[in-house]
Amino acid sequence: MKIIETKAAPNPRRVRIFLAEKAVEIPYEEFALNIENIQSDQFASLNPMRQVPILVLDDGEHICETMAICRYIEEIHPEPRLFGETPIEKARIEMWNRRVELGLFFAVAQAFRHLHPKMSEREVPQVADWGVANKSKAIQRLGLLDERLRETKYLAGDTYSVADITALVAVDFMAAARIERPQEFLGVARWYEDVSARRSAAA
């Protein structure tokens, strides 16, 4: 078993943090996300979406998509449970993880893809107005998380979960997208100091 990744990309980092929280070690294979590699038939055979990370199982099967990989790992290494234990915990974590993925993470990614010069070959066409619009969307979505984090220790409640991993990576990705985190978001600031100090955050 191995994971094909690009270490500088945000989604592989989500998997690395997840594995670090579980103290699970899987070999990594670095993949250069240049335009030639992305467009290659070989890469498409691994993942037709042409994205990393990719979990390659011992029987040769490929599992793609970050959350699918994390869910597979959770099944074979249940503890600590990062997707929840009780029905309500699982539902709450799923809810907040989806809110972060489809809200904050998506907006930050769109700002990065449509405004960063290094993405000009991969995001065709780059639409600058869409990138700018998503900067404000990202702040709005972060504000919703701030309201939540003024009330709870972690996004899904009192326990650290995969939702916090997604949010941490999204907040850190804001720097690459050149989106400044508002200082008045004190709930996010308190939470960020906590989760970024975890050993897994350096994975």
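**View 1. I4 stands opposite E29 of strand β2.** This close-up comes from a predicted model. Strand β1 covers residues 2-5 and is joined to β2 by 3 bridges. The two strands run parallel. K2 also has its place in strand β1.

**View 2. The open sheet holds 4 strands.** Their order is β2-β1-β3-β4. The pairing is mixed. What are the edge strands? They are β2, residues 28-30, and β4, residues 62-64. Each of these pairs on one side only. On average, neighbouring strands of the sheet are turned by 25° against each other, with direction ignored.

**View 3. Helices α1 and α4 lie across strands of the sheet.** Helix α1 is made of residues 10-22. It lies across β1 and β2. Relative to β1, helix α1 runs at about 145°. Helix α4 spans residues 66-76 and lies across β3 and β4. Strand β3 is the stretch 54-56. The angle of helix α4 to β4 is about 120°.

**View 4. K2, in strand β1, makes a polar contact with E29.** The contact joins the side chain of K2 to the side chain of E29, at 2.6 Å. Is K2 buried, partly exposed or exposed? K2 is partly exposed, because its relative accessible area is 29%, and the partly exposed class lies between 20% and 50%. Neighbours within four places in sequence aside, K2 is in contact with I26, P27 and E29. Its contacts also include I54, L55 and V56. E94 is 92 residues from K2 along the chain, and their C-alpha atoms are separated by 26 Å.

**View 5. N134 is a buried residue of helix α6.** Its relative accessibility is 1%, so N134 counts as buried; the class takes in values under 20%. The side chain of N134 reaches the backbone oxygen of W130, at 2.9 Å. Which residues does N134 touch, not counting those up to four places away in sequence? They are A107, Q110 and A111. I63 is 71 residues from N134 along the chain. The C-alpha atoms of N134 and I63 are separated by 30 Å.

**View 6. D146 also lies in helix α6, which covers residues 128-149.** Is D146 buried or exposed? D146 counts as buried because its relative accessibility is 5%. Residues up to four places away in sequence are not counted in the list that follows. D146 touches E184, F185, L186, G187 and V188.

**View 7. Helices α7 and α8 pack at an angle of about 105°.** Two packed helices are described by the angle between their axes and the distance between the axes. Helix α7 is formed by residues 162-176, helix α8 by residues 186-196. Their axes are 11 Å apart. The angle makes α7 roughly perpendicular to α8, because that class runs from 65 to 115 degrees. From α7, the contact is made by D164, A167, L168, V171 and D172. From α8 come W191, Y192, V195 and S196. By class, the contact of α7 with α8 has 6 nonpolar residues, 1 polar residue and 2 charged residues.

Technical notes:
Residues numbered from 1 in each chain as written. Predicted model: local features only at pLDDT ≥ 70, side-chain atom pairs only at ≥ 80, totals over all residues. Heavy atoms only, no water. Pairing = 2+ DSSP bridges. Axes fitted to C-alpha atoms, helices over the stretch in contact; angles between N-to-C directions. Contact = heavy atoms within 4.5 Å. Buried < 20%, exposed > 50% of the residue type's maximum accessible area, 1.4 Å probe, protein only. Parallel < 35°, antiparallel > 145°, perpendicular 65-115°, else oblique. Nonpolar A, V, L, I, M, F, W, Y, C, P; charged D, E, K, R; others polar. Polar contact = N/O pair within 3.5 Å; in protein donor to acceptor, adjacent residues only side chain to side chain.
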